[in-house]
Amino acid sequence: ETARGFARAPLSRKIAALREVQSRLRARGHELARLGATAKGIASRPGGFGEELLAGAVIIQRYVRLGAESLEQIRERGAPLITDDRVRRLESGEVSAQVMPHSLPDRALFMPYTIDVRLAASVDAADVRSAQASFYQAAGAADHAAPEGSVVAVLGAGNVASIPALDLLHECFVAGRACVLKMSPVNAYLGPAFEHIFAPISELGGLAIVYGGADAGRALLGSPHVSHVHMTGAIETHDAIVWGPPGPERAERMRKNTPLLQKSITSELGNISPVVVTPGPYRERELSDVAESKIGRASCRERVSQ
């Protein structure tokens, strides 16, 4: 009932909601870390609280801040700012835009990494903004009707506090959807704190938080009001949602490419992050850093040498 109103809410109200979330997160961020450290049994371990604080409140706060800044830039100039020196056309014909590091603190925190987004060759390097902020571009175009709004079901699994938080923030403020976040039984202890921290989004009509296990998830996915699904979890869970339980019927659906779930779905499954290593004059330390970040310190030296 509130999805249309949320989709059409003025940018000023969405920015104000995110600024209030920032304030509430400053006041309750340590609580998220304490809850996580206690639930995982690492509260007494040296660095346990700091680990939870960094993986939870710190990451969420950064995302909220960048989100609010992006919405302010959309309001002022139609799209988030990407300076000309960050945009280049590659030999392949694609346009590449560097989006990280975003600032001087980013450069220090994430050194030596950078992130470039590659756009289609049809995008004009002089007008990268046409490929940005698609929901807001469509909502603000004179020849487009005002958005009707839609509802996304976010299955908030994972044992890191920032995962369901960033998922709901992306759906609400990037995709423009109203979000029903179902907390997993594994992380339901975060729910009450989330309800308070993200209350400004709920008051704007963009968020509801619900609880329960598989039955609640099935009811949510089966709702005719839900048009999109986002999940974090195991590939087995994803396949059960999209194709149904294992067996001959699922095999036949997969063969015919007729999924059981007749809704769009995005997913993050098991943190499967690909790494492409191109030939080059790498130092052993550079290869070791990548190996340690992917497979752990114990076996990285042997694998690097191979």
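Q: How much space lies in the largest pocket of this predicted model?
A: Let's start with the general idea: rolling a probe the size of a water molecule over the atoms shows where empty space is left. The structure here is a predicted model. For its largest pocket, the space comes to about 1500 Å³.

Q: Which residues lie nearest the centre of the largest pocket?
A: The lining of this pocket is made up of 44 residues. Those nearest its centre are Tyr63, Leu66, Ser70, Val99 and His102.

Q: Which element gives the most to the lining of the largest pocket?
A: Several elements give two or more residues to the lining, among them strand 2 (95–100), helix 4 (104–110) and helix 6 (162–173). Helix 3 (48–77) is also one of these elements. With 13 residues, the element that gives the most is helix 3.

Q: How many residues of the largest pocket's lining are nonpolar?
A: Here it helps to divide the lining by residue class. Four of its residues are charged and nine are polar. The nonpolar residues number 31.

Q: Where are the prolines that follow the cis peptide bonds from methionine 100 and methionine 111?
A: The bond from methionine 100 to proline 101 is cis, with omega near 10 degrees, and the one joining methionine 111 and proline 112 is cis with omega about 5 degrees. Proline 101 sits in the loop between strand 2 and helix 4. Proline 112 is placed in the loop between helix 4 and strand 3.

Q: Is asparagine 257 buried or exposed?
A: Asparagine 257 is found in the loop between helix 11 (248–256) and strand 8. Although not a glycine, asparagine 257 has a positive phi of about 55 degrees. Its relative accessible area is 58%, and exposed means over 50%, so asparagine 257 is exposed.

Q: In which loop does alanine 133 lie?
A: Alanine 133 is another residue to check on the backbone. Its phi is near 50 degrees, a positive value in a residue other than glycine. Alanine 133 belongs to the loop between strand 3 and helix 5.

Q: What separates arginine 24 and glutamate 20 along helix 2?
A: In general, side chains of opposite charge can pair when their charged atoms come close. Arginine 24 and glutamate 20 meet in a salt bridge, at 3.0 Å from N to O. Arginine 24 is buried at 19% relative accessible area, whereas glutamate 20 is partly exposed at 33%. Because the two are four residues apart in helix 2 (residues 11–39), what separates them is about one helical turn.

Q: Which residues does glutamate 252 meet in salt bridges within helix 11?
A: Glutamate 252 is partly exposed, with a relative accessible area of 31%. Three residues apart from it in helix 11 is a residue that counts as exposed at 61%, and the N to O distance of that bridge is 2.7 Å. A second bridge has its closest N and O atoms 3.4 Å apart, with a partner four residues apart in helix 11. These partners are arginine 255 and lysine 256.

Q: What is the relative accessibility of tyrosine 282?
A: Tyrosine 282 forms a nonpolar surface patch with Val275, Val277, Leu287 and Val290, and together they have about 390 Å² of accessible area. The loop between strand 8 (264–269) and helix 12 (284–295) holds tyrosine 282. Tyrosine 282 counts as partly exposed, and its relative accessibility is 39%.

How values were computed:
Residues numbered from 1 in each chain as written. Predicted model: local features only at pLDDT ≥ 70, side-chain atom pairs only at ≥ 80, totals over all residues. Heavy atoms only, no water. 1 Å grid on protein atoms, 1.4 Å probe; cavity = no way out; pocket = protein on both sides within 12 Å on 5 of 7 lines; lining within 4 Å. Points joined across faces, edges and corners; volume = space filled by probe spheres on them. Nonpolar A, V, L, I, M, F, W, Y, C, P; charged D, E, K, R; others polar. Patch = residues over 30% accessible without salt bridge, like charges linked within 9 Å, V, L, I, M, F, W, Y side chains within 5 Å. Areas by Shrake-Rupley, 256 points an atom, 1.4 Å probe, with all protein chains shown as cover. Salt bridge = Lys/Arg side-chain N within 4 Å of Asp/Glu carboxyl O. Buried < 20%, exposed > 50% of the residue type's maximum accessible area, 1.4 Å probe, protein only.
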